[in-house]
Amino acid sequence: LHYPLRRQRQMCIRDSDRVYIVTNRNEVMCLDINGQANGNDGDFKDEAKYLTDKGQKPQVLKPTDADIIWKFDMREELGVFPHNITNCAPLIIGNKIVVTTSNGVDWTHTNMPNPKAPALCMLDKNTGKYLGEEASGVSSRTLHSNWSSPAGGKVGDRDVILFGGGDGFLYGLDTATDDKDGVNVLKELWKIDANPADRRMKDGKPLKYATYAGPSEVIATPVYYNNRVYVPIGQDPEHGEGLGNFICIDVATGKKVWNNDTLHRSLSTPAIADGLIYVSDFSGFIHCLDAETGKTVWKFDTRSHIWGSPLLADGKVYVGTEDGDLIMIAAGRTMKELGRVDMRSPVYASPVITNGTLYIATPTHLYAIGGSAVASASPAASPAKKAQKQESVAQIEARMAENARKLRQAHDVLVSC
């Protein structure tokens, strides 16, 4: 589902027996979770050709091949020009699916091929039919690209989309649409600049993008928590380190509640629990902020760049670093490093835990650690179960260290061959 040399970077979303993804071909796609094993379902019947490189004979489909239910090509349908790569985790709201288009600048980094193309669109999740798009002019102001995955939720009785734009603004959009010159337009409820004023202007002059103190877009996914929206600003890691900002917005009004400008640029989607926010920045700091006031509770220096987002589970914060460490810190107001494991390769992706297993991805390996011994967060757990989970954490850390040792040995053997 991707171009050669362009790896799949997007996260897929499962809804019952359907999986939704945005491919590196800039397509929104719905897949049958069973693949071809239960037949070729949906209106799309050309999987064999789709899975075959140009000039080659169509493949013979196997039960393990993908079953594409429908696809929507955003380049063809919306005139989108994705910069470098497509990046979006789809948002499902009811029977609708909302995606960022990744519309951005070209190779010159100064020219926007289609400033009128939408930065976000909405489709019918069952059919892939186009339902609407943002018309807030995001693309015309985009600094680099639109790579922030949308979030959403109920605000009163209204479904609201929360979108971090490539122009550095945070948007609240209604899923209801208006007709504007024959285009279904998502209603803009509010927008607010996630950049402090001094990131935009200095001494009456605009600051240049991709400079240390200049403005940034939103790349992280906004998080909706207790009627507020939380998100940092950041830039493509190729631009290096720079000043950032973390902003908290009242979701009903779109007004700023607070901001914390001590963060550097960040790609990290925050994790929030018990009134505390955990967020990392590209400069390598893990920040714990008070969700009510925005004040820094503690800051941990990993001494490495961080691309991914923190995982909060079982009272611990897991963060991977560019240097290849998986770092574990105790959740709470007291900063305490619990341990780290050398994965022997950069950990760009965010750690994931599901069904009692911790998953860590590097550019060369996918690790599944712990099995049933890994404890996942469960607010309803009994004291006895909590004690059992706490005991298993030491087992997790020991097993991770042992797995890393074995993998290093295997790696050394392969290299020697």
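This short presentation describes a predicted model of one protein chain, from its overall make-up to its sheets, salt bridges and surface.

Good morning, colleagues. A word on conventions comes before the structure. The model is predicted, with local features requiring pLDDT of at least 70 and side-chain atom pairs counting only at pLDDT 80 or more, while totals for chains, interfaces and linings use all residues. Residues are numbered from 1 along each chain as its sequence is written, and side-chain values use heavy atoms, with hydrogens and water left out.

I begin with the chain as a whole. Its secondary structure comes to 5 helices and 29 strands; these are DSSP runs, H or I of at least four residues for helices and E of at least two for strands, numbered from the N terminus. Of the 417 residues, 50% are buried. Here buried means under 20% relative accessible area, exposed means over 50%, and partly exposed lies in between, with a 1.4 Å probe and protein chains only. The accessible surface comes to about 19,600 Å², and carbon and sulfur atoms account for 51% of that area. Such areas come from the Shrake-Rupley method with a 1.4 Å probe, and for residues only the protein chains shown count as cover. Among contacts (heavy atoms within 4.5 Å) between residues at least 6 apart in sequence, 50% join residues at least 24 apart.

Let me turn to the sheets. Two strands are said to pair if DSSP finds at least two bridges between them. One open sheet has 8 strands in the order β5-β6-β7-β8-β12-β11-β10-β9, with mixed pairing. Which strands stand at its edges? They are β5 (91-93) and β9 (151-155), each with a single partner strand, so one side of each is left without a neighbour in the sheet. Neighbouring strands of this sheet are turned by 30° against each other on average, direction ignored; the axes are lines fitted to C-alpha atoms, for helices over the stretch in contact, and angles run from 0 to 180 degrees between N-to-C directions. Within this sheet, β6 (residues 96-100) pairs with β7 (residues 120-124) in the antiparallel sense over 5 bridges. Val99 has Cys121 in β7 as its bridge partner.

A second open sheet to consider holds 4 strands, β15-β16-β17-β18, and its pairing is antiparallel. Its edges are β15 (223-225) and β18 (256-260); each has a single partner strand, so one side of each lacks a neighbour in the sheet. The average turn between neighbouring strands here is 20°, direction ignored. Strands β16 (residues 228-232) and β17 (residues 246-250) pair in the antiparallel sense over 5 bridges, and Arg228 stands opposite Asp250 in β17.

A further pairing involves β3 (residues 27-32) and β4, which run antiparallel and are joined by 6 bridges. Met29 has Lys71 in β4 as its bridge partner. Strand β4 (residues 67-73) is mostly covered, with 6 of its 7 residues buried.

I now come to the charged side chains. Side chains of opposite charge can pair when their charged atoms come close. The criterion for a salt bridge is a side-chain nitrogen of Lys or Arg within 4 Å of a carboxyl oxygen of Asp or Glu. How many salt bridges does a search of the whole structure find? The search finds 16.

Consider Arg340. Arg340 forms a salt bridge with Asp325, the closest N and O atoms being 3.4 Å apart. Because Arg340 lies in strand β26 (residues 337-342) and Asp325 in strand β25 (residues 325-330), the pair ties together parts that are 15 residues apart in sequence. Is Asp325 buried or exposed? At 17% relative accessibility, Asp325 counts as buried, whereas Arg340 is partly exposed at 36%. Arg340 also forms a salt bridge with Glu337, where the closest N and O atoms are 2.7 Å apart; Glu337 is partly exposed at 35%.

Strand β26 also contains Asp342, which is partly exposed at 34% relative accessible area. The C-alpha atoms of Asp342 and Asp323 are separated by 8.5 Å, with their positions 19 residues apart along the chain counted as the separation.

Elsewhere, Asp193 forms a salt bridge with Arg200 at 2.9 Å between the closest N and O atoms, and Asp193 is partly exposed at 22%. In addition, Asp17, Arg18 and Asp32 are linked in a network of salt bridges.

I close with the surface. Val352, Tyr359 and Leu366 form a nonpolar patch with about 280 Å² of accessible area together. Patches are made of residues with over 30% relative accessible area and no salt bridge, like charges being joined within 9 Å and nonpolar side chains (Val, Leu, Ile, Met, Phe, Trp, Tyr) within 5 Å. Leu366, in strand β29 (residues 366-369), is exposed at 65%.
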